[in-house]
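Me: I am in my first year and would like to go through this structure slowly, one question at a time. Could you reason each answer out for me?

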Amino acid sequence: MPGLIRREDIDEVRARTDIKEIVDGYVTLKSAGIGSWKGLCPFHDERTPSFHVRPQMGTFHCFGCDESGDVISFLMTMDHTTFSETVEKLAARVGYELHYEQGSGPNKEEVGRRQRLLDAHKVAAEFFQRNLYTRQAASAQQFLGERGFDGEAARRYGVGYAPRGWDHLLKHLRDRGFTDQELKLTGMFSEGNRGLYDRFRGRLVWPIRAVAGEVIGFGARKLHDEDQGPKYLNTPETALYKKSQVLYGIDLAKREIARQRRLVVVEGYTDVMACHLAGVTTAVATCGTAFGAEHIKIVRRFLSDDGGGGEVVFTFDGDAAGQKAALRAFEEDQKFVAQTYVAVEPHGMDPCDLRLARGDAAVTELVENRRPLFEFAIRATLKNFDLDTIEGRIRAMRACAPIVARIRDRSLRPAYARQLAGWLGLEPAEVQRAVDSAGRARREESPAPHRSAEPEASGPVPVELPDPREPVARMEREALETVIQCPDLMLERHWEEFGLSAFRYPVHGAVHDAVLAARAELLGNGAAEPSGQVWVDAVRGRLPEPLHGYLAELAVTPLPATTQLQLERYTADILNRLFELQINRRKSDRLAELQRTDPTGQRERYQELQRELLELEMQRRGLRQD
């Protein structure tokens, strides 16, 4: 068994890793002020961004679900890896050699299983790509050429060829040091009486990548008639590859999705390639499954689905299967805040065929001529009824009324109710009553969600926080935010006054005490004035664990400044407000004592209190002049 990773190495890896770069691979982040970034939380569904990252502090925090932590805890949650596996992955990323206590580090076979699987997939992808340019791959080259893809397109999307035979890839990976036990876990091999053999043989191969660009599986297309397998063969479910959570092309499309606020969902690998090459650079495809709830969670984060007009456009064939797929998509429609549309080519051509037949512009035009998904769902449902009879029209009305009732934009429902009445030749009032009735029935069946439905285990231990609307509570919190985020802007006199400050609320008092203890420890060890991630870690080490989440909040809350000068002024202002509050409290104490003091019998004390009050007032006025 490998020993424990040295604490100093863990701290060094954490310090060398840019948390924003890591989070960027999973969440679209936008600037939220100096040194602060925000996006949709990857840990829970939300409509407006409440997930904040401050790279300088090495910390993230979600104000919606209270999830918080550092880059290690973020990756552990996102990738489902152990602490050691995560640290080892980050160390490899920054080129840092780890050292272990009570034993050596893990050997080649004991490195985190996930990283070994990723390594095997990377080697396999390179193997397939090299084989695409051999004589044996003539059929694969012909397939790509006939569909309008040249060598540059193949390289851009990593397309490759799995050679015929039973063990070409198997031998190659064994030669690279992978064990049979590891290879079994990749999904790239089948097992028979004679052992392992290549799963993909004589096929055109597409690498399927995770959001961050790591190859986690493959999709393979049949090329030869003697191949008895299915037309498309994908990697089976593995520790890396979960088809309900995978979107082909998301690694290439994610930034354009965020920029354009549009996602285009197509049906196949060649459709994604055709769309991208035609200028529709937000296209992705599911991998052998319908577009479902897990895909939505991925998509929403990159759409920045916060009610600002994002779009999801589905492209389906015009046949019965395509209509069925569109209706399945409509069933998931209510999980989007973005508007959903459908784009169907009248002659049943998919984007790849359309590009071949009519060029790039036709693919762009297909997407631009999209129709609302609910309108498509209504029209598709009407086709199931005989509208030449009154009975058929009534049944069609009853089937379509729930669809109209589910239109999110309530202002559109009456218009579509009237449109539906026109299509059916029925009275608008009758159709509207059916829509209203369907809406009531739906609301009764679906109780409104409430905050307590969030799993309690996902957040930190609850602590009693003061009401942020209370002026003193708000001011104390703002002062602590500044001390945590900008200790380098505090002068020595600021630290002296901060040390004397008494906080009204226990939570704030605990943070105040931890700040002072952490600074004393760092300075005592010869460190420079504290700042950044080392500073936050030191304060965290002095706080009870239930308050770690609150500390993360303080560390990532955007400060109201857009320039360094504004930040310096804000820091001075908020600290002076804190110190003025302290002075006023001392003045109140002295005034109360003065009222109790006999000016004749306790003349000396009376005069001393008057001098102290005068000094405190001078201090208060001095703060105003800073």
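Reply: Two strands count as paired if DSSP finds at least two bridges between them. Please keep in mind as we go that this is a predicted model.

Me: In what order do the six strands of the open sheet with mixed pairing stand?
Reply: In this open sheet, whose pairing is mixed, β14 (247-248) and β19 (371-372) each have a single partner strand, so one side of each is left without a neighbour in the sheet. With these two strands standing at the edges, the order of the six strands is β14-β16-β15-β17-β18-β19.

Me: Which residue in β16 is the bridge partner of Leu-247?
Reply: Strand β14 is joined to strand β16 (residues 283-286) by two bridges, and the two strands run antiparallel. Within β16, the residue that serves as bridge partner to Leu-247 is Thr-286.

Me: In the open sheet of five strands, which strands stand at the edges?
Reply: The order of this sheet is β2-β3-β4-β5-β6, and its pairing is antiparallel. Strand β5 (residues 59-62) pairs with β6 over two bridges, and one of the partnerships there is that of Phe-60 with Gly-69. A strand with a single partner has one side left without a neighbour in the sheet, so the edges here are β2 (30-31) and β6 (68-69).

Me: Which helix supplies the largest share of the largest nonpolar core?
Reply: This core has 44 residues, and Leu-144, Val-159, Leu-204, Trp-206, Tyr-248 and Met-273 touch the most other members. Trp-206 is in contact with residues including Val-159, Tyr-248 and Met-273. The largest share of the largest core, which has 44 residues, is five residues, and they come from helix α11 (residues 269-277).

Me: Is Asn-234 buried or exposed?
Reply: Asn-234 lies in strand β13 (residues 232-234), and among the residues it touches are Arg-199, Phe-218 and Tyr-269. Arg-199 is 35 residues away from Asn-234 in sequence, with 9.4 Å between their C-alpha atoms. Buried means under 20% relative accessible area, and because the relative accessibility of Asn-234 is 17%, this residue counts as buried.

Me: How far from Arg-209 is the nearest side chain of opposite charge?
Reply: Arg-209 belongs to strand β11 (residues 203-209), and its contacts include Tyr-157, Glu-214 and Asp-251. A salt bridge needs a side-chain nitrogen of Lys or Arg within 4 Å of a carboxyl oxygen of Asp or Glu. Arg-209 is buried yet has no salt bridge, and the nearest side chain of opposite charge, Asp-251, is at a distance of 4.2 Å.

Me: How many residues apart in sequence are Arg-93 and Glu-21, whose side chains meet in a salt bridge?
Reply: In this salt bridge the N to O distance is 3.1 Å, and both residues are partly exposed, Arg-93 with a relative accessible area of 44% and Glu-21 with 45%. Arg-93 sits in helix α4 (residues 83-94) and Glu-21 in helix α2 (residues 19-24), so that the pair links distant parts of the chain, 72 residues apart.

Me: Which residue forms a salt bridge with Glu-470?
Reply: Glu-470 lies in the loop between α19 (428-445) and α20 (471-485), while its partner lies in the loop between α21 (492-500) and α22 (506-524), so the pair ties together parts that are 34 residues apart in sequence. The closest N and O atoms are 3.8 Å apart, and the partner of Glu-470 is Arg-504.

Note on methods: Residues are numbered from 1 along each chain as its sequence is written. This is a predicted model: local features need pLDDT of at least 70, side-chain atom pairs count only at pLDDT 80 or more; totals for chains, interfaces and linings use all residues. Side-chain values use heavy atoms; hydrogens and water are left out. Helices (H or I, at least four residues) and strands (E, at least two) are DSSP runs, numbered from the N terminus. Buried means under 20% relative accessible area, exposed over 50%, partly exposed in between (1.4 Å probe, protein chains only). Lys and Arg count as positive and Asp and Glu as negative; His and the chain ends are not counted. Contact means heavy atoms within 4.5 Å. A nonpolar core is a set of buried Ala, Val, Leu, Ile, Met, Phe, Trp, Tyr and Cys residues joined through side-chain atoms within 4.5 Å. Lists of a residue's contacts leave out its neighbours within four places in sequence.
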